[in-house]
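User: I have a structure to examine, and I would like each descriptive term justified against its criterion. Please take my questions in turn.

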Amino acid sequence: MSIVEVRNLTKTYDNIHAVQDVSFSLEEGKIYGLLGRNGAGKTTIMHIITAQLFQSSGDLLVFGQRPYENEAVLSQVCFIKESQKYPDVFKIRDVLESASNLFPNWDNEYALSLVEDFRLPMNRWMKKLSRGMLSAVGVIIGLASRAPLTFFDEPYLGLDAATRTLFYDRLREDYSEHPRTIVLSTHLIDEVSPLLEHVLLIDGGKLVLNEDADTLRGMAYTVSGAAKEVAAFTEGKDVLERQSMGGLSAVTVLSPNGAMERREAAELGLELSAVPLQQLMVRLTDPQYMNKAVIS
Amino acid sequence: MTRVHGVVKIHLKDKWTWIYIPWMILLSSFSINFLIAALAAPEAGVKTGGVLSIFIYMMVTGIITMYNTFPFALGMSVRRTDYFKGTFLAALLINALTTVVLLALFLIEEKVIPEWGVSLQFFSLAFLRSFNLLELFGIFFLLLLNMFYAGFAISCLQRRFGRTGMFVFFGGLLAAGSIASYFLTANNGWMTLFGWLAEHYDLLFWWSLPLTLLYMVLSYLMMRRTTV
Amino acid sequence: MATLMDDGRPIFIQIAERIEDDIIQGGLAEEEQVLSTNQVAAFYSINPATAAKGVNLLVDEGILYKKRGIGMFVAEGARGKLVEKRKEQFYEQYIVTMVKEAEKLGITGDQLTEMIRRGAEQS
């Protein structure tokens, strides 16, 4: 069942298209990756879905209703963003207590266990927190709120690798016990990619990819070998990147029939290698790669 | 617990903006006047409008509280309407408490320790002594609320329309003031106005109520379209 | 915590293969209970839905079966079935590729057979 329906969403600021004609839906109980470079429009889209910004045109339904000033929708949504402001005179304790009063599914025991896991000083003023601690507070609110629709927008700025792993582990555990729809917006794709079930890629305000993560994994591959043979094999295919050195060349191909084509390439004696999700995203958002219409 | 209640609790946690700072300012004004009255001991005693400082600070509270808590509440998925309602309840509650304390100090100054023993009129100003307790409660309470919502409306204006909005609004206010002042001067209206005010100042307090309601309506309308 | 090879193949297929390997190598006996999907997800740090997809693939193939309310178990005859399947794959995956590479290097069929015999003796 889809719980978010976005139709032809457009957001324009002073003639700049921050979001352009974006349509997609989110299904219940999946973990989504909302990927793209900084400034691609990811945060704007999430702001609009949570009714914190207004679209210029287009329509959207969240849990089947328009979210603006809609208690039935907003009480089920949690949006953790990197730029979240907290009252100056609040301590971590005040922020978490406030959140516990505002999210109907809040689990306070869980929140307190997370505070220990992330080693947060409950009585420290919010304005005295390091970037990493500020991120950890957001992560705790996002997890403990147990909102049926939760957005994390770059939730780990300033967190070290060990703490990020802690976040991924807690997220996965809690999601297993309390399945819900989670959207992870990030540019650290490799770290989160094993957690993602579905990927939405935004570039320049447009949706350029909307695909099952496992399907995507099989779609892109790099063939290398003698330049002539590689050229013959990739003829007519959707090429993302071409590199050559002397008589050898390596070409990255994106194809919905990835699995079959790989076998063909192997039979031709061409060398095959995988393209990690992160690299695939980088290539898809490369301005030189113009042939975006192929994938839908 | 409804989320309006949650918003009230956010405000109640923000004790610095709502309680500590206003009272610190009021009490420092009182201390200075008390010292002057006690040490310099002027013959006519000290009559001061220092109590006004807490009313003026309530306007600052109106400005700061929006800045401090609105982006937080919106970020916690609170409806703008619920933020508005919660803020209203918090303003009623805290201003009622402030009023009660002001009245207590008024009575102490008037009856228990007359003029604090040093001929200081700080809380029980002469022109207020003709009112009964209920009327005094109404006057203090409505004025505090009025000041709070004046600040709150300014803050909403700033959030909704940005610097341009502030510029246009205050520019317009200044222009309107200048024109009114021109006509009053031209028609010798100043004297009439002041004469009328001196006689009917008690009405003025009650007239703050419709003004407060106007600020509230405007704040609400602006807030409905405010974004992060 | 273990990691999977990012060889560009779907994660759920890699999960299914890991369980298959475990059964073939005798780590998981027939009628033995396998890890729950959440345990698999935690072990490999992957999405529980993906782990479930991998496990279900094996259920569809009759390698695993579900005992209601208890969990997943290795089916009777699973190992034999898997070995047969792997033997077929072995030809596709290794022999075909090897012959291709041998051709490229000019290794004759006889030489190749000799090399395989040598390899088998050494191991």
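## Burial and packing of helix α5(A)

Analyst: In this predicted model, the buried residues of α5(A) are A:Gly132, A:Met133, A:Ser135, A:Ala136, A:Val137, A:Gly138, A:Val139, A:Ile140, A:Ile141, A:Gly142, A:Leu143 and A:Ala144.

User: What makes these residues of α5(A) count as buried?

Analyst: The term requires a relative accessible area under 20%. Each residue named above for α5(A) is classed as buried, so each falls under that cut-off.

User: Why is α5(A) called largely enclosed?

Analyst: Of the 14 residues of α5(A), 12 are buried; the helix is therefore largely enclosed by the rest of the structure.

User: Against which elements do the buried residues of α5(A) pack?

Analyst: They pack against β5 (77-81), α3 (92-102), α4 (108-117), β6 (149-153) and α6 (161-177), which belong to chain A. Contact here rests on heavy atoms within 4.5 Å.

User: How do you know that the length of α5(A) is close to the expected span?

Analyst: Helix α5 of chain A covers residues 131-144 and reaches 20 Å from its first C-alpha to its last. At 1.5 Å a residue, the expected value is 20 Å, and the two are close. Just after α5(A), A:Arg146 takes a positive phi of about 50°.

User: Why is chain A, taken whole, called as compact as a globular protein of that length?

Analyst: Chain A has 11 helices and 13 strands. Its radius of gyration is 21 Å, and the globule rule gives 19 Å for 296 residues; the values are close, so chain A is as compact as a globular protein of that length. The C-alpha trace of chain A spans about 65 × 40 × 35 Å along its principal axes, and 56% of the residues of chain A count as buried.

User: How are the elements of chain B arranged, and how far apart do its charges lie on average?

Analyst: Chain B has six helices and two strands, in the order α-α-β-α-α-β-α-α from the N terminus. The mean positions of its 15 positive and 9 negative charges are 24 Å apart. For chain A, the mean positions of 29 positive and 39 negative charges are 5 Å apart.

User: How do you know that chain B and chain C are not in contact?

Analyst: Contact would require heavy atoms within 4.5 Å. No contact joins chain B and chain C, and their closest C-alpha atoms lie 27 Å apart. Of the two pairs of chains that touch, chains A and B have the most contacts.

Key. Residues are numbered from 1 along each chain as its sequence is written. Chains are lettered from A and ligands numbered from 1 in the order in which they are written. This is a predicted model: local features need pLDDT of at least 70, side-chain atom pairs count only at pLDDT 80 or more; totals for chains, interfaces and linings use all residues. Side-chain values use heavy atoms; hydrogens and water are left out. Helices (H or I, at least four residues) and strands (E, at least two) are DSSP runs, numbered from the N terminus. The expected span of a helix is 1.5 Å times one less than its number of residues. Buried means under 20% relative accessible area, exposed over 50%, partly exposed in between (1.4 Å probe, protein chains only). The radius of gyration is taken over C-alpha atoms; the globule rule is 2.2 Å times the number of residues to the power 0.38. Lys and Arg count as positive and Asp and Glu as negative; His and the chain ends are not counted. The place of a charge is taken as NZ of Lys, CZ of Arg, CG of Asp or CD of Glu.
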